[in-house]
Amino acid sequence: METDADFGQVARIGHEGALLIGTYDTFTYGDPAGFLTNINDHFPHPEHNKLVFIEGTGHTYQQKEQEMADDVLELVQTWDAEGWKRGE
């Protein structure tokens, strides 16, 4: 959660895509959206990433497996329909 932490590894990630988190994730100091946004902000091109929030579940996605799968499928289909190619 600390914005001044060492994000050197994240800054070297060359892939772009999506980051996913459950809105009840307890490893985020009570702020899953802030946690994910903070990580994304340290990617080389955060604007190219999609943040996905799975409502009503923690980091194990219990009882939300289908919702998570549906969200990922929709994301991939959107990328496919847009001819998603970053960095070209």
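This passage describes the fold, the packing and selected side chains of a predicted protein model.

The secondary structure of the predicted model comes to 3 helices and 2 strands, and, when the chain is read along its sequence, these elements follow the pattern α-β-α-β-α. The C-alpha trace spans about 40 × 35 × 15 Å along its principal axes. Of the 88 residues in the protein, 24% are buried, while the accessible surface comes to about 6,100 Å², with 51% of that area belonging to carbon and sulfur atoms. When contacts between residues at least 6 apart in sequence are considered, 66% of them join residues that are at least 24 apart.

The two strands, β1 and β2, run parallel and are joined by 5 bridges. Within this pairing, Ala18 stands opposite Lys50 in β2. Between the strands the chain passes through α2, so that the path leads from β1 through the helix to β2, and the resulting β-α-β crossover is right-handed. Helix α2 also takes part in the packing of this unit, since its buried residues pack against both β1, which covers residues 18-22, and β2, which covers residues 50-54. The buried residues of α2 are Pro32, Leu36, Asn38 and Asn40.

Asn38 may be considered in further detail, as a residue of helix α2, which covers residues 32-40. The relative accessible area of Asn38 is 7%, and because this value falls under the 20% cut-off, the residue counts as buried. Once the neighbours of Asn38 within four places in sequence are left aside, the residues in contact with Asn38 are Met1, Glu2, Thr3 and Phe7.

Phe7 is also found in the largest nonpolar core, which has 6 residues and is made up of Phe7, Val10, Leu19, Ile21, Leu36 and Phe43. Apart from this core lies another, of 5 residues, which includes Val52, Ile54, Tyr61 and Leu75. As for Phe43 in the largest core, the contacts of this residue, again without the neighbours within four places in sequence, are made with Val10, Ile13, His15, Leu19 and Asn49. Val10 and Leu19 thus appear both among the contacts of Phe43 and among the members of the largest core.

The structure holds 1 salt bridge, in which the side chains of Lys64 and Glu67 meet with a separation of 3.3 Å from N to O. This separation satisfies the definition of a salt bridge because the nitrogen of Lys64 lies within 4 Å of a carboxyl oxygen of Glu67. Lys64 has a relative accessibility of 23%, and Glu67 has one of 28%; since values between 20% and 50% define the partly exposed class, both residues are placed in it.

Glu65 lies in helix α3, which covers residues 65-81. With a relative accessibility of 46%, Glu65 likewise counts as partly exposed, because this value does not pass the 50% cut-off for an exposed residue. The C-alpha atom of Glu65 is separated by 9.6 Å from that of Ile54, a residue 11 places away along the chain. Ile54 itself is among the members of the core of 5 residues described above.

Notes. Residues are numbered from 1 along each chain as its sequence is written. This is a predicted model: local features need pLDDT of at least 70, side-chain atom pairs count only at pLDDT 80 or more; totals for chains, interfaces and linings use all residues. Side-chain values use heavy atoms; hydrogens and water are left out. Helices (H or I, at least four residues) and strands (E, at least two) are DSSP runs, numbered from the N terminus. Buried means under 20% relative accessible area, exposed over 50%, partly exposed in between (1.4 Å probe, protein chains only). Contact means heavy atoms within 4.5 Å. A nonpolar core is a set of buried Ala, Val, Leu, Ile, Met, Phe, Trp, Tyr and Cys residues joined through side-chain atoms within 4.5 Å. Two strands pair if DSSP finds at least two bridges between them. Accessible areas come from the Shrake-Rupley method with a 1.4 Å probe; for residues, only the protein chains shown count as cover.
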